Amino acid sequence: MEEIMLAPSTPEPGFRRAKAALALGFSLCAGAPALADVTLINVFEVPEGRLSETISAWEAARDYLEEQPGYVSTELHRALAEDARFALVNVAIWRSVDDFMAASRAMAENDLFPEVEGLGVNPALYRVIEGAE
């Protein structure tokens, strides 16, 4: 997969919440080329005792984003190992980078992602370059 890194816009008062939104892979990004069918892969470093809170935040964002143009699907995966560095992994499919960016901006502007203290996020967009069934 070819990786497209997401970079938040310059820090401003709402930056912490925007960073939290990145936990779901919904960023305030710019400059990424528009591609057909992009895959968001985002790994979450969840602080101890914050797993349920993180899942609830993800569900709230999912409920909003699944109604947005270009949304295809999303799945949240949980690590089997209790000591895994990344307790959760989000995989989402969007029709295009532009659709993803528009939905991400709208979610951040409307302050729809609950902040989860200490949550670490590592999102990137990809496109499939090979596959097998």
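Here are four short exercises, each with a worked solution, on a predicted model.

**Exercise 1. The aromatic rings**

Find the aromatic pairs and work out how the rings of Y71 and W94 sit relative to each other.

*Solution.* Start with the count: the structure has two aromatic pairs. Next, think about what to look at. A pair of rings is described by how far apart the centres are and by the angle between the planes.

For Y71 and W94, the centres are 5.6 Å apart and the planes meet at 85°. Plane angles over 60 degrees count as edge-to-face, so Y71 and W94 make an edge-to-face pair.

Now place the two residues. Y71 belongs to strand β3 (residues 71-78) and W94 to strand β4 (residues 88-96), so this pair ties together parts that are 23 residues apart in sequence.

Then pick up the other partner of W94. W94 also pairs edge-to-face with F100, at 5.9 Å centre to centre and 75° between the planes. Put the pairs together and you get a cluster of Y71, W94 and F100.

Last step: are W94 and F100 buried or exposed? The cut-off for buried is under 20% relative accessible area. W94 comes out at 0%, so W94 is buried. F100 is buried as well, with a relative accessible area of 0%.

**Exercise 2. The nonpolar core**

Work out which residues and elements build the largest nonpolar core.

*Solution.* As background, nonpolar side chains tend to be buried together in soluble globular proteins. The largest core here has 22 residues, and those touching the most other members are F44, V46, L65, W94, F100, L119 and L125.

Next, ask where the members come from. Two or more residues each are supplied by β2 (36-45), α2 (51-65), β4, α3 (97-109) and β5 (120-127). Helix α3 gives the largest share, with five residues.

**Exercise 3. Two spots to inspect**

Locate V121 and D111, and describe what you find at each.

*Solution.* Take V121 first. V121 sits in strand β5 and is buried, at 15% relative accessible area. Check its distance to F44: the two C-alpha atoms are 5.0 Å apart, although these positions lie 77 residues apart in the numbering of the chain.

Now D111. D111 is in the loop between α3 and β5. Look at the backbone: phi is positive, about 55°, even though D111 is not a glycine. With a relative accessible area of 45%, D111 is partly exposed.

**Exercise 4. The salt bridges**

Go through the salt bridges and say what R85, E117 and D63 each pair with.

*Solution.* The whole structure contains five salt bridges. Take three of them in turn.

- R85 bridges to E45, with the closest N and O atoms 3.1 Å apart. R85 is in the loop between β3 and β4 and E45 in strand β2, 40 residues apart, and the pair links distant parts of the chain. R85 is exposed at 59%, whereas E45 is partly exposed at 27%.
- E117 bridges to R50 at 3.6 Å, N to O. E117 lies in the loop between α3 and β5 and R50 in the loop between β2 and α2, 67 residues apart. E117 counts as exposed at 55% relative accessibility, and R50 as partly exposed at 25%.
- D63 bridges to R62 at 2.9 Å, N to O. D63 is partly exposed at 40%, and R62 is partly exposed at 25%.

To finish, look for shared partners: salt bridges join R50, E53 and E117 into one network.

Note on methods:
Residues are numbered from 1 along each chain as its sequence is written. This is a predicted model: local features need pLDDT of at least 70, side-chain atom pairs count only at pLDDT 80 or more; totals for chains, interfaces and linings use all residues. Side-chain values use heavy atoms; hydrogens and water are left out. Rings of Phe, Tyr and Trp (its six-membered ring) pair if their centres lie within 6.5 Å; planes under 30 degrees apart count as stacked, over 60 as edge-to-face and the rest as tilted. Helices (H or I, at least four residues) and strands (E, at least two) are DSSP runs, numbered from the N terminus. Buried means under 20% relative accessible area, exposed over 50%, partly exposed in between (1.4 Å probe, protein chains only). A nonpolar core is a set of buried Ala, Val, Leu, Ile, Met, Phe, Trp, Tyr and Cys residues joined through side-chain atoms within 4.5 Å. A salt bridge is a side-chain nitrogen of Lys or Arg within 4 Å of a carboxyl oxygen of Asp or Glu.
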